[in-house]
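Let's go through some labels on this model and ask what earns each one. Have the viewer open as we go.

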Amino acid sequence: MSAFESPKFQERKEGEEYLQVPPTPCLKVIGYGTDVQVYQWDRSGRKGIEQSPWALKKLYKKHSRPIITKRIEDEANILKKMDHPNIVGFRGYMKSETGRSVLAMEECGISLGDLIENRRENELGAFEPNAILKVILSVCKGLHYLHTEQKIIHGDLKSYNILIKGDFEQIKLCDFGVSFPIGDDGKVENYIGTLCWNAPEVLEDGPVTAKSDIFALGLTIWEMLSLLPPHTDSSRDVTDESITTNTLNGCDSESKIENVYGTRPVVPENLGDEYKVIINIFK
């Protein structure tokens, strides 16, 4: 078997497949989301064969809401149909020995959101223009593939759903649990997203189209300039754990939230001339 080939599934029960993976305590946590955690599975050393690591998305033991299980299944069905260098690779979908759904994907570095947090904590200032341009180009390529070839919108684009490998050598979109197909009229229904990144048409129950993903990309560009999630108080510590679907702990008062969500934040001051192209793209 190739080092990068998905393994053969073993039959557990009729109509159900599973793959034996190490117990959760033996896996390294590399991410988390609504009722799920993402682990790194280092598969190297097996019979002396070098194998690429995988990322395993698993439900929390104490949280098995049917809607979350369905999102993992939906994400697996979406990913298995896609093949693009800017989309995280599908490796398999299975039931663990305890019956929990597990989505296996290629392991691809760190999220852009985590990089932003690290850069803010170390007071390094805005990302270099070349790095921001690489993210813009890669995300646009991924979105173009989703919108035109797969006919779906991502539905929850933000820095935490963009994976970075190395020094921005590879940039990939992930987390398709709330993605939806684009209708014949170019519109989508049941858009969820994350409140701080939602476009105005999402908040106002207007017609939602692929442009909503582009709006979220614009706010992600702003994140790389400001090192903050959009529409949050810069004096507060905000992490992905506090930014969950349709909620954000640490935002300003409710009245202010209603006024700023769905708008374009002010570009940070004191950016040099080297950022002019990026600022023009953002605007």
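Q: In β5, which residue is the bridge partner of glutamine 37?
A: That's lysine 58. A quick word on the source: this is a predicted model, where local features need pLDDT of at least 70 and side-chain atom pairs count only at pLDDT 80 or more, while totals for chains, interfaces and linings use all residues. Residues are numbered from 1 along each chain as its sequence is written, and side-chain values use heavy atoms, with hydrogens and water left out.

Q: How do you know that β4 and β5 pair?
A: Two strands pair if DSSP finds at least two bridges between them, a strand being a DSSP run of E with at least two residues, and a helix a run of H or I with at least four, both numbered from the N terminus. β4 and β5 have 6 bridges, so they pair, in the antiparallel sense.

Q: What makes β3 and β4 partners?
A: The same test: 5 bridges against a minimum of two, so they count as paired, again antiparallel. Lysine 28 stands opposite glutamine 40, and glycine 31 has valine 38 as its bridge partner. The two strands form a hairpin with 2 residues between them, and aspartate 35 in the turn has a positive phi of about 65°.

Q: Why is β3 called an edge strand?
A: The open sheet has 5 strands in the order β3-β4-β5-β7-β6. β3 (28-33) pairs on one side only, as does β6 (90-95), and these are the edge strands.

Q: Why is β4 described as largely enclosed?
A: Buried means under 20% relative accessible area, exposed over 50%, and partly exposed in between (1.4 Å probe, protein chains only). In β4, 5 of the 6 residues are buried, so the rest of the structure largely encloses this strand.

Q: Cysteine 174 and cysteine 140: buried or partly exposed?
A: Cysteine 174 has a relative accessible area of 11%, which is under 20%, so it's buried. Cysteine 140 comes in at 34%, between the two cut-offs, so it's partly exposed.

Q: Why is cysteine 174 not in a disulfide?
A: A disulfide is a pair of cysteine sulfur atoms within 2.5 Å. The closest cysteine sulfur to that of cysteine 174 belongs to cysteine 108, 8.6 Å away, so it's too far for a bond. A search of the whole structure finds 0 disulfides.
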